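Dear colleague,

Please find below the structure that I am handing over to you. A short account of what was found in it follows.

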Amino acid sequence: MKDNKIMYKISQGMYVLTTKGGGCIVDAVSQISGGDNPLVAVAVMKKNYTNELMKSGDRFALSVIGLNNDPHVIKTFGFQSMRDADKFAQCETTGVDVKIVKDSLGYMLCEKIDAIDNDTHTLFIGRVVDGDIFADGEPMTYAYYQAHKDELLKTKTEQGKTAWVCTICGYVYYGDELPQDYACPICGVDATLFAKR
Ligand code: FE
């Protein structure tokens with residue numbers, strides 16, 4: 001490719017994809033049919049744990065992330081794995097089997113009808129069986145996220161204290177020294193992945 005940044009010119013959004021037992025952040029979502037219960041397609045990285053869950057589950061939900069929602073949701077669902085952290089314990093959710101993120105513009109609940117394996121991602125197709133709007137607001141685009149991710153993901157620390165910030169999930173440990181055998185209580189990574197502030 002002469003310039004692969006042309007791929008960033010495809011307009012995509014930011015969503016929390018959830019299914020029974022887990023979820024992750026996705027950007028590749030498209031409506032692919034019309035009618036009262038339209039079809040949507042969502043691409044999920046094959047190496048994500050959520051991909052495994054999507055293959056065994058029969059329903060999934062997409063919570064739409066807006067510009068005014070707390071970017072904590074992106075950190076929670078985008079930078080950890082359910083293999084080592086309970087994402088649902090860190091965000092307010094609603095829904096019984098398939099959780100929906102409350103701090104979002106709303107959601108679409110889908111019944112999975114197909115899964116197509118491609119190079120790096122699986123394309124899941126679902127029929128929208130329910131949906132609601134929680135708040136009026138502008139949806140966040142993937143391009144906006146890429147342009148603002150440093151400030152969106154920045155962890156605020158208390159002034160005048162030495163802080164060690166987990167570079168994976170943003171958890172903050174306060175103390176002059178970080179114990180060498182320390183492990184992040186949220187995402188489980190070791191002390192080498194903490195940065196001093
Ligand atoms: Fe962490």
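How many residues lie between E1 and E2 in the hairpin that they form? There are two residues between these strands, and Gly21 in the turn has a positive phi of about 95 degrees. Please note that the model is predicted.

Strand E1 covers residues 15–19, and strand E2 covers residues 22–26. The two run antiparallel and are joined by five bridges. Within this pairing, Thr19 has Gly22 in E2 as its bridge partner.

E1 also pairs with strand E5 (residues 59–64), again in the antiparallel sense and over five bridges. Here Thr18 is found opposite Ala61 in E5.

As to its surroundings, five of the five residues of E1 are buried, so this strand is largely enclosed by the rest of the structure. Both of its faces are covered: Tyr15, Leu17 and Thr19 are buried on one side, and Val16 and Thr18 are buried on the other.

A further element is an open sheet of three strands, in the order E11-E10-E12 and with antiparallel pairing. Strands E11 (172–174) and E12 (194–196) stand at its edges; each has a single partner strand, so one side of each is left without a neighbour in the sheet. On average, neighbouring strands of this sheet are turned by 25 degrees against each other, direction ignored.

Strand E10 (residues 163–166) pairs with E12 in the antiparallel sense over three bridges. Cys166 has Phe194 in E12 as its bridge partner.

Yours sincerely

Notes:
Residues are numbered from 1 along each chain as its sequence is written. This is a predicted model: local features need pLDDT of at least 70, side-chain atom pairs count only at pLDDT 80 or more; totals for chains, interfaces and linings use all residues. Side-chain values use heavy atoms; hydrogens and water are left out. Two strands pair if DSSP finds at least two bridges between them. Helices (H or I, at least four residues) and strands (E, at least two) are DSSP runs, numbered from the N terminus. Axes are lines fitted to C-alpha atoms, for helices over the stretch in contact, and angles run from 0 to 180 degrees between N-to-C directions. Buried means under 20% relative accessible area, exposed over 50%, partly exposed in between (1.4 Å probe, protein chains only).
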